[in-house]
Amino acid sequence: LSSSERATKVVQDMRSFIKNPQNPNKSPVNLKDNISTVLNIFNYELKRNVDVQLNVPNDLTIIGVDIKLFQLWSNLIKNAIESMDERKDRGELIITAKEKNNSIQVNVQNNGPEIPIEIQKSIFDKFFTTKSERNGSGLGLSIVKNVIEDHNATISVSSIPGSTVFKITFKQTE
């Protein structure tokens, strides 16, 4: 019964993820609900190898297009899961969000391997991949970049051994 309820929830989340939006215009999007839907889609992979912390206030909203934001979070989370796959111990994914100086800052952090500084400038380029032997297309982070630009936001990455953080900043006013 528990498994069928989880499967139902995943199917519902997938349907909301892939539905054709009736209104592609920007509207208020609850950040925690939006990210939680994506986490539920990746629930199996996360439960198997990764401890997840979601520290996002329940009432935090941004103005955006929910389906595009799903793409943003799903690409960042998928990459985080894949980066932690090689770990002998459990991975750690920490997603935090807070209001700061007329903006909302979201950090997506994992404890996978370091992204070398020499490739950090290229990771958002279309078709750039370090996963060619594992069927990487090089499109995930370029999609992230496009969604960021569509939402008049910024993204940066910082990476040291044992910690990679993608910091997304959404401006409160457009």
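Student: What makes the five strands of this predicted model one open sheet, and in which order do they lie?

Tutor: The 5 strands lie in the order β2-β4-β5-β7-β6, with mixed pairing, and form an open sheet. Strands here are DSSP runs of E with at least two residues, helices are runs of H or I with at least four, and both are numbered from the N terminus; two strands pair if DSSP finds at least two bridges between them. The model is predicted, so that local features need pLDDT of at least 70 and side-chain atom pairs count only at pLDDT 80 or more, while totals for chains, interfaces and linings use all residues. Residues are numbered from 1 along each chain as its sequence is written, and side-chain values use heavy atoms, with hydrogens and water left out.

Student: Why are β2 and β6 called edge strands?

Tutor: Strands β2 (50-55) and β6 (153-160) each pair on one side only, and they are the edge strands.

Student: How do you know that β5 and β7 are paired?

Tutor: Strand β5 (residues 103-110) and strand β7 (residues 163-171) share 8 bridges in the antiparallel sense, and the definition asks for at least two bridges, therefore they count as paired. One of the bridge partners is T169 in β7, which faces Q105.

Student: Why is N34 called buried?

Tutor: N34 belongs to helix α2 and has 3% relative accessibility, so it counts as buried; buried means under 20% relative accessible area, exposed over 50%, and partly exposed in between, with a 1.4 Å probe and protein chains only. The buried residues of α2 also include L31, I35 and V38.

Student: What does the side chain of N34 meet?

Tutor: A polar atom of the N34 side chain lies 3.5 Å from the backbone oxygen of D66. Leaving aside neighbours within four places in sequence, N34 is in contact (heavy atoms within 4.5 Å) with V29, D66, L69, F70 and W73.

Student: Why does S74 count as buried?

Tutor: S74, in helix α4, has 11% relative accessibility and therefore counts as buried. A polar atom of the S74 side chain lies 3.2 Å from the backbone oxygen of Q71.

Student: Which residues touch the most other members of the largest nonpolar core?

Tutor: They are L31, W73, L93 and V106, in a core of 39 residues; such a core is a set of buried Ala, Val, Leu, Ile, Met, Phe, Trp, Tyr and Cys residues joined through side-chain atoms within 4.5 Å. Helix α4 gives the largest share, 10 residues.

Note on methods: A polar contact is a pair of N or O atoms within 3.5 Å; within protein, one must be able to donate a hydrogen and the other to accept it, and residues adjacent in sequence count only if both atoms are side-chain atoms.
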